[in-house]
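I opened this one to see how the two copies sit together and what the fold looks like inside each. Here are my notes, in the order I looked things up.

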2 protein chains.
Amino acid sequence: MIRRRGTLFVVSAPSGAGKTTLCREIRLRLHDLAYSVSVTTRPPRPGEIDGTDFRFVSEAQFRELLGRNELAEWATVHANLYGTPAEPLEAALKAGRDVLLDIDTQGALQLRARYPDAVLIFVVAPSMGELEQRLRERRSDSEREIARRLERAREEVMLWRRYDYLIVNRDVKEAMDQLESIIHAERCRVARLALTFPDLEVPN
Amino acid sequence: MIRRRGTLFVVSAPSGAGKTTLCREIRLRLHDLAYSVSVTTRPPRPGEIDGTDFRFVSEAQFRELLGRNELAEWATVHANLYGTPAEPLEAALKAGRDVLLDIDTQGALQLRARYPDAVLIFVVAPSMGELEQRLRERRSDSEREIARRLERAREEVMLWRRYDYLIVNRDVKEAMDQLESIIHAERCRVARLALTFPDLEVPN
């Protein structure tokens, strides 16, 4: 029996575009999707759980993981370090499970190089004004932090062409449906099936 | 204002795979989808309406359309002629409407050459035994006709790799969801959006 290799779905977005909500909700809809917990040096936000939302580590611990080559990608975002543990990711894909990664643009492009058949999805807010409003409503960031996130969002948005799909998050329900459609559609792609079943000449 | 050009979705399947039902149902779900009515020389089946299911014409009329270069693709299937009128198809795409075409493999591959950005979807029954049973349940074909359709299905199925997506029609509801997902996902594809908005650097 040929075992299907899992597909890696990577979701990136400027902060405030709604990526975290989308990724949390899609896990409730698609139970067969594996999810990678990122490692980060940033402090937990209120309500965030260590080991579920992130694995919170010190900078020294992070550098140790890097030194042992245990990260599939890593990036510096707003002076904090973020990374994806390589081993659980590779294990899930090998076991035939599709994996959803919620990571920034630097990390996404590193993963594209390492996994050329990964599916890259970029989520944007409908406008910069809307993005600013959402960042303010979050009330967890200082004015300086908000300004820094907006500046970075302006830069990141330029990278949309490096992705496979663009979701404009006007409405959470609509954006969720689009994300779910992308995952279902990719599972039907001939290029992906032909890769998994090289000997299959007649599917029925 | 840049007007988005419509996307051409082409659905093919060996007879009995459930293509006609899928295409009829998807029109009920996605009202914005334009549908092309094919021209054919085959006689109407019970319940089929001229101008809705097909435009039923004589062989002489069909040859006249061909002679005037009025067909975007055409094919001979089971000794009958089938074709897609070019003008309404082109008009719908220009107006920014996505179009769904329900045509055989010969026609689909002609359309791929004419419209390289078309999305080709192949529908198969879960097995040849299942396909035979469905053809028998239809009760509209003679034994000789069923044998001919099965023989042709065996040939057509080999072409699945020339398509973009493969739907294995085990269950109509599941197959419908997959077809709908493919259409929604393609509307989010960066390659398609970048083609429509060549000047767009920042989407938000």
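**Entry 1: how the copies relate**

I started with the superposition, keeping in mind that this is a predicted model. Chain A lands on chain B after a rotation of 180° with 0.0 Å of shift along the axis, and the RMSD is 0.0 Å. That is the relation of a two-fold axis. I then asked which residue of chain A comes closest to the rotation axis. It is Ser181(A), with its C-alpha at 2.1 Å.

Next I checked whether the two copies use the same surface or separate ones. The same surface serves both, since 100% of the contact residues of chain A recur in chain B.

**Entry 2: the contact between the chains**

I looked up how many residues each chain puts into the contact. Chain A gives 31 residues and chain B gives 31 residues. On the chain A side, the elements that give two or more residues are helix 5, strand 9 (165-168), helix 7 (172-187) and helix 8 (190-196). Helix 7 of chain A gives the most to that side, with 6 residues.

**Entry 3: overall build of chain A**

I went back to a single chain for the basics. Chain A has 8 helices and 9 strands. Its C-alpha atoms fill a box of roughly 60 × 40 × 30 Å along the principal axes. For 204 residues, a compact globule would have a radius of gyration near 17 Å, and chain A has 18 Å, so the two agree.

I also noted that 34% of the 204 residues of chain A count as buried. Of the contacts in chain A with a separation of 6 or more, 68% are between residues 24 or more positions apart.

**Entry 4: the sheet**

I traced the sheet in chain B. It is an open sheet of 5 strands in the order 2-7-1-8-9, and the pairing is parallel. Strand 2 (34-35) and strand 9 (165-168) of chain B stand at the edges with a single partner strand each, so one side of each has no neighbour in the sheet. Strand 2 of chain B pairs with strand 7 (residues 99-102) of chain B in the parallel sense over 2 bridges, and Tyr35(B) stands opposite Leu100(B) there.

Then I took strand 7 (residues 99-102) in chain A and asked where its side chains point. Val99(A) and Leu101(A) point one way, Leu100(A) and Asp102(A) point the other way, and all are buried. I reminded myself that side chains alternate between the two faces of the sheet in a regular strand. The aspartate caught my eye, so I wrote it down again: Asp102(A) is among the buried residues of strand 7.

What does strand 7 of chain A pair with? I found strand 1 (residues 8-12) of chain A, parallel, over 4 bridges, with Val10(A) standing opposite Leu101(A). I also found strand 2 (residues 34-35) of chain A, parallel, over 2 bridges. In that pairing Tyr35(A) has Leu100(A) as its bridge partner.

**Entry 5: helix 5 against helix 6**

I wanted this pair because helix 5 of chain A also appears in the list of elements that touch chain B. Helix 5 (residues 128-138) and helix 6 (residues 143-156) of chain A pack at about 145°, with their axes 10 Å apart. The crossing is right-handed. From helix 5 of chain A come Leu131(A), Glu132(A), Leu135(A) and Arg136(A), and they meet Ile146(A), Arg149(A), Leu150(A) and Ala153(A) in helix 6 of chain A.

I ran the check on chain B too. Helix 5 (residues 128-138) and helix 6 (residues 143-157) of chain B pack at an angle of about 145°, axes 10 Å apart, and their crossing is right-handed.

**Entry 6: an odd backbone angle**

Last, I looked at Asn69(A), which has a positive phi of about 60° although it is not a glycine. Where does Asn69(A) lie? It is in the loop between helix 2 (59-67) and strand 5 (71-77) of chain A. I then asked whether Asn69(A) is buried or exposed. It counts as exposed, because it has 8 C-beta neighbours inside 10 Å, and the cut-off for exposed is 12 or fewer.

In chain B, Asn69(B) likewise has a positive phi of about 60°, and with 8 C-beta neighbours inside 10 Å it counts as exposed.

Conventions. Residues are numbered from 1 along each chain as its sequence is written. Chains are lettered from A and ligands numbered from 1 in the order in which they are written. This is a predicted model: local features need pLDDT of at least 70, side-chain atom pairs count only at pLDDT 80 or more; totals for chains, interfaces and linings use all residues. The radius of gyration is taken over C-alpha atoms; the globule rule is 2.2 Å times the number of residues to the power 0.38. A residue is buried if 20 or more other C-beta atoms lie within 10 Å of its own, exposed if 12 or fewer, and partly exposed in between; C-beta atoms are placed from the backbone. Two residues are in contact if their C-beta atoms, placed from the backbone, lie within 7 Å. Copies are superposed by least squares on the C-alpha atoms of residues with pLDDT of at least 70 in both. Two strands pair if DSSP finds at least two bridges between them. Axes are lines fitted to C-alpha atoms, for helices over the stretch in contact, and angles run from 0 to 180 degrees between N-to-C directions. A crossing is left-handed if the near helix is turned anticlockwise from the far one by less than a right angle, and right-handed if clockwise.
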